[in-house]
Amino acid sequence: MQGTMQSEEKVPYIYLLEDDLTLSREIRQFAINHGFSCDVGHDSTDFKTLAQDKKYDLYILDINIPGMNGIQICERIRQADREAPVLMLTAYSDVKDKVNAFNAGADDYLVKPFHFDELLARIQALLRRKNKPLQQGDILRVHDMVVNIPEATVERSGQIILLSPKEFKLLTILAQADGKVVSKSAIAEKLWEKSVDTSHNTIEVYINFLRRKIDKGHATRLIQTRPGFGYFLKAE
Amino acid sequence: MKLTLKKRAAVSISLTYSLIFGVTSITIWLLFASYREDEFKIRLEEKALTNLRLLVEVDEINDQLLRTIERSTLNRLYKEKTVIYNSTGHSVYSTSKDTGTTWDKSRLFRLPPGAELYETFGEFDVYGFHYQTQKKNYYALVIAEDKYGYRKLRYLGVLLISAFALSTPIVWLLTFAAMRGLLKPLDRFITEITSIGDRNLTTRLALSDRHDEIDQLGKAFNLMMERIESSYLRQQEFSAQASHELRTPLARIISQLENLEAGETHSERTREYLYNLRNDAHQMANLIHSLLLLAQSANDQHFTGVRRLDELLFDAFEQTKMFAPNLQIHFEIELEEGTDKEPNLDVQCNEALLIQALINLLRNADLYSDDHHVDVRLKQTQDNLLSLRISNNGATLNDGEASRIFNAFMRGDNARRKQGSGLGLRITQRILQYHGASIRYIAEGKYLNVFEILLPVSTQTV
């Protein structure tokens, strides 16, 4: 166990449970280098005696540790703190491990070995999600459709609609435009990062995918086309 | 011609039956022919003796009277001619002036006293006899046609041939039907065994309670499958353990290298070394990951469900960017010509495996491209397949190399000074085969490498 709790400070506090001494040292070093505080435990006894009663901003748990495994530790953390993000680490990439981890309440899962950049991106994303209070614009409403951006869910007339990540992002782009027309080029830019480019035809295909899920079976159509300009959301 | 066991058994049994039936029929026919001959000879003999005795020993009967008696008798034979000769060879009695035959009589006169001859001459049977009394020698000759005997013989022949011709195909059909019924469980075994692949090693043959040889074969097969499955599971367990044991030290190496790289006091050369070392370690980790996924793919439960291929592609792209930071893709979803119907991009898959296959292809395309630009096109074909074309500009393979591109450890001429294990495409092909998909390499001209994948569209939806 290293370090102490300083919850009053703004520096996010991470608890790392990893039995490999070298790896835990390197992760801790990396975390500190990136402005985090980090306590380290090597087995379930370390966790129970020194960390169980403390509250951390984020937990990074290796699944395969001596004593109680990481999944059991995660369940214990969830009983005490429903909010704290938990990132599981494992050398196994078995689907069962992932499912067990998510069932135990884990928020994310990373298979060893990993790029530190990826670890950092996931830590930051989890902390952002935890720290960010619901803001105006996080929940968008268009007629009878509700788009919850932090939760990545969409409902229409009280019915949950399952969208693929790209479809959800496309709907968010249209919903955030607040009824204004969004051109195909603007959609392409926002929908994909810089390293992907595509044609307007493919954007049309995605709009059609979205129409099938959002408008099909509803008397009022929400996704509108302005030929030659682009798309917008409006009840018609 | 290859004969099945059923046909072979049916043909063998039918041939054996035909042979036995044929030999038996011929024997019956020959015996009956011999019986007819004996019977007719007796009749000819009786005729000759009766006529001779009446003519020679009864004084009151001369040849005129004998002819009259003969004409009125009831047991005359068909086309019968009876001739009695004296010792000098002159005819002393004849039922007809014309014997109707050219039979050589000299043989009759060479018979010693008391001797007889019997033979067939054309349609006639001929009986001759040398009769000796105290005073004189006589020769009796009876020629007749055994019309009724031969008719019976012919009728018997027709009967036997008909029975043979009729019964042989019936026996063939019955044997085939019986063999089919008997070997039906074997056919079922063949169907069930053919469907066993590395994804359903838990399959066992359904056994009956007949306890016959086929059932024994099924039991033996099930026992073998249990051993194979258990060996496969041990291998999987070993792969998982080995993967863990290999990944942890790799994670240690990578984490130390990354922290070391983050230091600011290194020379350019040291930084380059550290970067290369880290990349190699990641490549090794990827290889281990692929091998482990393949080892795990033997189990059906890893088939996680239905996913959208475009989303898997973007996931794969995100992961590929870690190793190929300069990678740029041009992505298109194409519609089938003449239709504006949106394509169905759902595939039934093991998500981790398929993503790994896509990562391998994207990394490959990036590695062998001149400009890090990769073109990705997705289309649903008319025969309900998803066509995914991944292409890049770069030196293409020659025909010889292209035919071996999916072989393990194959490195083409264009792989000079490129990092790679030579296993990526082999693993990719294996993963795609596992998903019932196909992959082929097309060299379009000298500078366009294309990989075309055809995946079955899922009938279920996400």
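**A sheet shared by two chains**

Me: Which strands make up the open sheet, and in what order?
Reply: In this predicted model, six strands form an open sheet whose order runs 11(A)-7(B)-9(B)-10(B)-12(B)-11(B), and the pairing within it is mixed.

Me: Which ones are the edge strands?
Reply: The edges are strand 11 of chain A and strand 11 of chain B, the latter covering 438–444, and each of these pairs on one side only.

Me: And how much are neighbouring strands turned against each other?
Reply: On average, neighbouring strands of this sheet are turned by 20° against each other, with direction ignored.

Me: Back to the chain A edge: in what sense does strand 11 of chain A pair with strand 7 of chain B, parallel or antiparallel?
Reply: Strand 11 of chain A pairs with strand 7 of chain B, residues 328–334, in the parallel sense, and the pairing extends over three bridges. As one position to look at, Asp197(A) has His330(B) as its bridge partner in strand 7 of chain B.

Me: What about strand 11 of chain B, at the other edge?
Reply: Strand 11 of chain B pairs with strand 12 of chain B, residues 448–456, in the antiparallel sense over seven bridges. Within that pairing, Ile442(B) has Val450(B) of strand 12 as its bridge partner.

Me: OK, the interface as a whole now: how many residues of each chain are in contact?
Reply: On the chain A side there are 31 residues in contact with 36 residues of chain B. The elements of chain A that each supply at least two residues to the side touching chain B are helix 1 (21–33), helix 5 (116–131), helix 6 (165–176), strand 11 (196–198) and helix 8 (200–214).

Me: Which of those gives the most?
Reply: Helix 1 of chain A gives the most to the side that touches chain B, contributing seven residues.

Me: And how do the residues on that side of chain A divide, nonpolar, polar or charged?
Reply: The side of chain A that touches chain B divides into 12 nonpolar, 11 polar and eight charged residues.

Me: Different topic: what is in each chain overall?
Reply: Chain A has eight helices and 13 strands, and 36% of its 236 residues count as buried. Chain B has 10 helices and 12 strands, with 26% of its 462 residues counting as buried.

Me: What share of the contacts joins residues at least 24 apart in sequence?
Reply: Taking contacts between residues at least 6 apart in sequence, 53% of those in chain A join residues at least 24 apart, while for chain B the corresponding value is 66%.

Terms used: Residues numbered from 1 in each chain as written. Chains lettered and ligands numbered in written order. Predicted model: local features only at pLDDT ≥ 70, side-chain atom pairs only at ≥ 80, totals over all residues. Contact = placed C-beta atoms within 7 Å. Helix = DSSP H or I, 4+ residues; strand = E, 2+ residues; numbered from the N terminus. Nonpolar A, V, L, I, M, F, W, Y, C, P; charged D, E, K, R; others polar. Pairing = 2+ DSSP bridges. Axes fitted to C-alpha atoms, helices over the stretch in contact; angles between N-to-C directions. Buried ≥ 20, exposed ≤ 12 C-beta atoms within 10 Å, placed from the backbone.
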